[in-house]
Amino acid sequence: MLLGLTWSVWLSIAIGLGEVAAQEPSGTLEAQQKLYRVNCVICHGTQGRGDGKAARFLFPKARDFSSGKMRIVSTVNRVANADDIRASIERGFPGTSMQSWKHLDDESVQLLVAEVIRLRKQGVKERVLASWKQESPELLADPAEVETIVRGLTSPGKVVPVPVFAETNPASVARGREIYLRQSCHSCHAENGAGSWKMDLIDDKGRSSWATDLRYDPLKGPSDEVALARRILLGMPGSSMPSSGKLSDLDLADLVRFCQSLSRDRKFELTNYQRARRAEGFRRPPEPPESP
């Protein structure tokens with residue numbers, strides 16, 4: 001078994017996904033690595049493992065690019081494509097230490113996207129080689145076979161389609177609430193969307209986290225209909241947010257409308273320390289006052 005899968009399964013996945021063209025921007029390796037060192041390495045580390053010198057001061061922790069999992073994705077195989085990565089760099093991740101880098105010019109952002117993709121491939125390749133060595137220590141890894149597997153595991157699939165959204169209305173919001181309860185969204189986010197106020201969830205690295213307050217927490221991804229629909233359908237890889245890929249178009253649209261109805265104009269603006277204290281359950285932030 002290789003990471004829980006047989007070689008035949010890995011190869012079938014790799015061959016199938018490897019046919020999808022990787023969406024890598026162009027750029028010289030030297031230029032993209034220099035930009036990464038200047039802008040990103042302090043948090044994400046030289047190999048993109050989220051272990052930079054500032055990482056120990058961050059809550060939540062910096063993303064590990066080498067794991068191959070990005071939180072905000074739009075593709076059927078949940079592998080972030082170049083557009084997903086670019087959007088995350090330009091927008092940042094509100095509610096974390098990941099700031100927006102939209103002040104960089106287009107070429108610089110494209111080079112950073114290329115470097116994140118390179119670090120992802122490098123990290124996945126290291127995992128594949130380590131698994132090969134563990135499973136078949138007597139055999140030398142076949143470079144071509146390894147590259148096929150890595151390409152399959154890191155090549156984005158097609159973008160997930162979402163329904164056409166009609167104008168929001170009370171009936172849609174009411175139906176969305178029913179779906180919210182039926183899908184057990186409230187088991188993490190609470191019936192009123194308040195989320196959780198202590199570390200009662202864990203991510204794929206075993207690190208504790210909490211459920212987002214859909215009212216006052218700034219969402220890590222965009223809050224428009226299309227972005228929310230994809231986040232519900234695909235979940236957030238590496239986190240406790242599961243996928244709900246079996247919803248009908250109507251149910252999905254209604255659930256999105258209900259989630260949007262929970263949002264308030266004013267959002268929490270917390271420091272790393274305040275987020276950590278909140279997650280430990282010691283201090284619940286006061287609800288921000290509504291705009292006049």
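Let me begin with one contact, in which the side chain of Ser 155 reaches the backbone oxygen of Arg 151 at 2.5 Å. Please keep in mind throughout that this is a predicted model. Ser 155 sits in the loop between α6 (143-154) and α7 (170-182), and with a relative accessible area of 1% this serine is buried.

From there I would like to turn to the charged pairs, and as background, side chains of opposite charge can pair when their charged atoms come close. The structure holds 13 salt bridges, and I will take you through some of them.

In one of these, Asp 106 pairs with Arg 86, with the closest N and O atoms 2.9 Å apart. Asp 106 belongs to helix α5 (residues 106-135) and Arg 86 to helix α4 (residues 82-91), so this bridge ties together parts that are 20 residues apart in sequence. Asp 106 is exposed, at 54% relative accessibility, whereas Arg 86 is buried, at 15%. Both residues also belong to a network of salt bridges that includes Glu 90.

Next comes the salt bridge between Glu 225 and Arg 257, at 2.7 Å from N to O, which links distant parts of the chain, since Glu 225 lies in helix α9 (residues 225-234) and Arg 257 in helix α10 (residues 249-262), 32 residues apart. Here Glu 225 is partly exposed, at 26%, while Arg 257, at 8% relative accessibility, counts as buried.

Finally, how far apart, N to O, are Arg 215 and Asp 213 in their salt bridge? The value is 3.0 Å, and in this pair Arg 215 is buried with a relative accessible area of 8%, and Asp 213 is buried with 0%.

Methods: Residues are numbered from 1 along each chain as its sequence is written. This is a predicted model: local features need pLDDT of at least 70, side-chain atom pairs count only at pLDDT 80 or more; totals for chains, interfaces and linings use all residues. Side-chain values use heavy atoms; hydrogens and water are left out. Helices (H or I, at least four residues) and strands (E, at least two) are DSSP runs, numbered from the N terminus. Buried means under 20% relative accessible area, exposed over 50%, partly exposed in between (1.4 Å probe, protein chains only). A polar contact is a pair of N or O atoms within 3.5 Å; within protein, one must be able to donate a hydrogen and the other to accept it, and residues adjacent in sequence count only if both atoms are side-chain atoms. A salt bridge is a side-chain nitrogen of Lys or Arg within 4 Å of a carboxyl oxygen of Asp or Glu.
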